[in-house]
Amino acid sequence: MSHSTPAGCTVRPATPADVEGARGVMLDTFYKEFGYGYVPEWHRDVVDIRGTYLDDPRHLLLVAVHDGEVVATTGVRSHGPAHPPHPRWLTERYPSGSTAQLVRVYVRPEYRRLGLARALVGAACDFVADTPGYEQIYLHTNVHVEGAEAFWRGLAKEVWDARTTGEHGPGVATVHFEIPF
C-alpha cells in the first residue's frame with residue numbers, strides 16, 4: 001500500500017517512528033489552521049496515536065513522508081459521528097462498527113496542491129474496501145480551511161451542511177460527507 005506522489009513523497013501506513021511527526025502535523029493544524037487548538041473531547045486520538053491507529057486492525061493512520069519528515073496524515077476509525085455535538089439522525093445513519101470515518105486529513109501548507117490528500121484518501125478508501133465489516137465511508141470537514149470544501153466536493157457527496165447550526169461552536173463551518181463505497 002505504498003504510493004509515490006508527484007510531490008516526491010511516499011504515502012504509507014504510519015509506523016511507531018512516525019507518531020511524533022504525525023502528532024505535530026495534527027497539532028499544528030488545530031492551532032494554526034483551525035485556531036482553536038487541542039480540544040480533549042475531539043482529539044483523544046492525537047494523544048494516543050499508537051493505541052488508536054496502530055494497535056487496532058480496523059483502524060489506520062496513513063502518512064505522507066518527504067525526506068524523512070511526516071508532512072501529511074489521514075486516519076480511518078470505525079466510529080461514526082458522536083451525538084452530541086452532531087444530531088442523532090446523523091449518528092444513526094453512520095453507526096460505529098460498520099462506518100469507516102475518515103479523520104485527520106491534514107497536509108502541511110507548503111505541501112498542498114500536490115496531490116497528497118487525494119493519494120492519502122485513495123489509500124484510506126482501499127484499506128476500507130479491504131477491511132471486513134465496513135459498509136460506508138463518512139467524514140466531516142471545516143470548510144473554513146482553504147480548499148477543503150472544493151476538495152471534498154470533488155470526491156464525496158454532501159450529506160448535511162451544518163454551517164447554520166454552529167454544532168462545533170463559533171468559527172467552525174462543518175459540512176458532512178459520504179464517499180461512495
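## Around Trp152

Let's start with one side chain and its company. In this predicted model, Trp152 touches Leu102, Val105, Val121, Leu139, Thr141, Phe177 and Ile179, not counting neighbours within four places in sequence.

Trp152 is also one of the residues with the most contacts inside the largest nonpolar core, a group of 33 residues. Ala64, Val76, Leu102, Leu116 and Ile179 are on that list too. The elements that give two or more residues to this core are strands S3 (60-66), S4 (69-77), S5 (99-107), S6 (136-142) and S8 (174-179), plus helices H5 (116-130) and H6 (148-153). H5 gives the largest share, with ten residues. Apart from this core lies another one, of 18 residues, including Ala14, Phe34, Val46 and Val103.

## A closer look at H5

H5 has 15 residues, and from first C-alpha to last it reaches 21 Å, close to the 21 Å expected at 1.5 Å a residue. Which of its residues are buried? They are Leu116, Ala117, Ala119, Leu120, Val121, Ala123, Ala124, Cys125, Phe127 and Val128.

Here's a handy rule for reading such a list: an α-helix has 3.6 residues a turn, so residues three or four places apart point the same way. Try it on Leu116, Ala119, Ala123 and Phe127, which are among the buried residues of H5.

## Two cysteines, no bond

How many disulfides turn up in the whole structure? The search finds zero. Cys9 is in no disulfide, and the nearest cysteine sulfur, that of Cys125, is 19 Å away. A disulfide needs the two sulfur atoms within 2.5 Å, so this pair doesn't qualify. Cys9 is buried, at 2% relative accessibility, and Cys125 counts as buried as well, at 17%.

## Salt bridges

There are 13 salt bridges in the whole structure. Arg108 is a good one to follow: its closest approach to Asp28, N to O, is 2.6 Å. Asp28 sits in helix H1 (residues 19-34) and Arg108 in the loop between S5 and H5, so this pair ties together parts 80 residues apart in sequence. Arg108 also meets Glu69 in a salt bridge, at 3.9 Å. Arg108 is buried, with a relative accessible area of 17%, while Asp28 is partly exposed at 25% and Glu69 is partly exposed at 39%.

Another pair is Glu178 with Arg93, at 3.7 Å between the closest N and O atoms. Glu178 belongs to strand S8 and Arg93 to helix H4 (residues 88-93), so parts 85 residues apart in sequence are tied together. Finally, Glu149, Arg153, Glu158, Asp161 and Arg163 join up in a network of salt bridges.

Conventions: Residues numbered from 1 in each chain as written. Predicted model: local features only at pLDDT ≥ 70, side-chain atom pairs only at ≥ 80, totals over all residues. Heavy atoms only, no water. Core = buried A, V, L, I, M, F, W, Y, C linked by side-chain atoms within 4.5 Å. Buried < 20%, exposed > 50% of the residue type's maximum accessible area, 1.4 Å probe, protein only. Helix = DSSP H or I, 4+ residues; strand = E, 2+ residues; numbered from the N terminus. Contact = heavy atoms within 4.5 Å. Expected span 1.5 Å × (residues − 1). Salt bridge = Lys/Arg side-chain N within 4 Å of Asp/Glu carboxyl O.
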